[in-house]
Amino acid sequence: MRRRTLLSAAALGVAAAAYPAARAVAATAPALFVAAHPDDETLAMSTAIAEHVAAGQDVHVLLLTDGEGSGTINVINGTTTSPWWGNRHVPTAEGYAPLTATTLAAARVIEAQTALRCLAAGLPGTLTVHRASLPDGAVTSATAQAAIVAVADQIAPGGVVRLKGHSPTVDNHADHLAAGQAMVALATSNPARFSDRRHYILPMYWTDSRLSLVTESWDGPTDAGIAARVRAAVRSYGAWSPAQGSYAIGYHSVATMLDQLMSTPKCLQHP
Ligand SMILES: [Zn+2]
């Protein structure tokens, strides 16, 4: 992995002791949440991520891509209009240069990192972000497996890593499906290391007919503090401040799912 960022309570300058340490700190293997694009970690897995950090665990998030392929670039650059914003953007009049794939990706990664800080700040565990920078729109099971193993070898050399990520069944996006399939393939090829896995379903599929193919269950927030963290993470995807490099890409792109999460902060997962 090329880059990683440690988002621990200490790194964020917040005393962990200021938060309740009542939850059992289990001596468990690292938890690795695998998201295909920046925003998937919040949309599909935010409640679970916050709960794991609150439990004092060693939590990692792997962004397989930086999300440079999003069609939302056309909305930000004023070619098309998002229903959430309402009017067409005029970049020059709004004081920013039209985004490129590179600057779009950088802004998306910042949104995800900000959201993850909302989920984890001050909690007893640690949260580390990893980026594989695979090509957006061209993730395969093989490339996702290699990226996951690379992080696993870094955080638990030769040891067990608990995998959390997309569903290989209840989703339509090829990158998401590839990520979920990679988890299944790793559990099959190396069950001693990767058999503990959970697949998280994006809110747009929470009533999908394919749920009949899996045994799903809800991960709800255990208290108001976790729910507030999820809502704060969602809000970070609506930050509009081009001068600061914030373009509310999440809300321009998937406002319906973010609003769904805002009203009902929880996760749906299957084994
Ligand atoms: Zn995605």
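Helix α1, residues 40-54, is 15 residues long, and its first and last C-alpha atoms lie 20 Å apart, close to the 21 Å expected at 1.5 Å a residue. The model is a predicted one. Despite that end-to-end distance, α1 bends by about 80° at Ser46. The helix is mostly covered, with 15 of its 15 residues buried. After α1 comes Gly56, which has a positive phi near 80°.

A second helix can be described in similar terms. Helix α9, residues 249-263, has 15 residues that should span 21 Å at 1.5 Å a residue, and its end C-alpha atoms are 20 Å apart, which agrees. A kink of about 95° is centred on Ala255 in α9. The buried residues of α9 are Ile249, Gly250, Tyr251, His252, Ser253, Val254, Met257, Leu258 and Leu261. Their packing partners are α1, α2 (72-76), α4, α8 (224-236) and β9 (246-247). Thus α1, with 15 of its 15 residues buried, is one of the elements against which the buried residues of α9 pack.

These helices belong to a protein with 9 helices and 10 strands. The radius of gyration is 18 Å, close to the 18 Å that the globule rule gives for 271 residues, so the protein is as compact as a globular protein of that length. The C-alpha trace spans about 55 × 40 × 35 Å along its principal axes. Of the 271 residues, 48% are buried. Among contacts with a separation of 6 or more, 81% are between residues 24 or more positions apart.

What of the interior? In soluble globular proteins, nonpolar side chains tend to be buried together. In this model the largest nonpolar core has 73 residues, and Leu32, Val34, Leu62, Leu64 and Ile148 are those with the most contacts inside it. Helix α4, residues 101-120, gives this core its largest share, 9 residues.

Two of the core residues just named, Leu32 and Val34, lie in strand β2, on one side of the strand. In a regular strand the side chains alternate between the two faces of the sheet. On the other side of β2 are Ala31, Phe33 and Ala35, and both faces are covered, since these residues and the opposite pair are all buried. Strand β2 spans residues 31-35, and 5 of its 5 residues are buried, so the strand is largely enclosed by the rest of the structure. Strand β2 pairs with strand β3, residues 58-65, in the parallel sense over 5 bridges. In this pairing Val34 stands opposite Leu62 of β3. Neighbours within four places in sequence aside, Leu32 is in contact with His60, Leu62, Ile148, Val151, Ala152, Val161, Arg162, Leu163 and Lys164.

Strand β5, residues 162-166, includes His166. Is His166 buried or exposed? His166 is buried, with 29 other C-beta atoms within 10 Å, where 20 or more are needed for a residue to count as buried. Apart from neighbours within four places in sequence, the contacts of His166 are Ala36, Asp40, Ala44, Asp171, His176, Ala179, Gly180, His199 and Tyr200. Asp40 and Ala44, both among these contacts, fall within the residue range of α1, 40-54. Ser241 is 75 residues from His166 along the chain, and their C-alpha atoms are separated by 30 Å.

Terms used
Residues numbered from 1 in each chain as written. Predicted model: local features only at pLDDT ≥ 70, side-chain atom pairs only at ≥ 80, totals over all residues. Helix = DSSP H or I, 4+ residues; strand = E, 2+ residues; numbered from the N terminus. Rg over C-alpha atoms; globule rule 2.2 N^0.38 Å. Buried ≥ 20, exposed ≤ 12 C-beta atoms within 10 Å, placed from the backbone. Contact = placed C-beta atoms within 7 Å. Expected span 1.5 Å × (residues − 1). Bend = angle between axes of the 7 residues up to and from the residue. Core = buried A, V, L, I, M, F, W, Y, C linked by C-beta atoms within 7 Å. Pairing = 2+ DSSP bridges.
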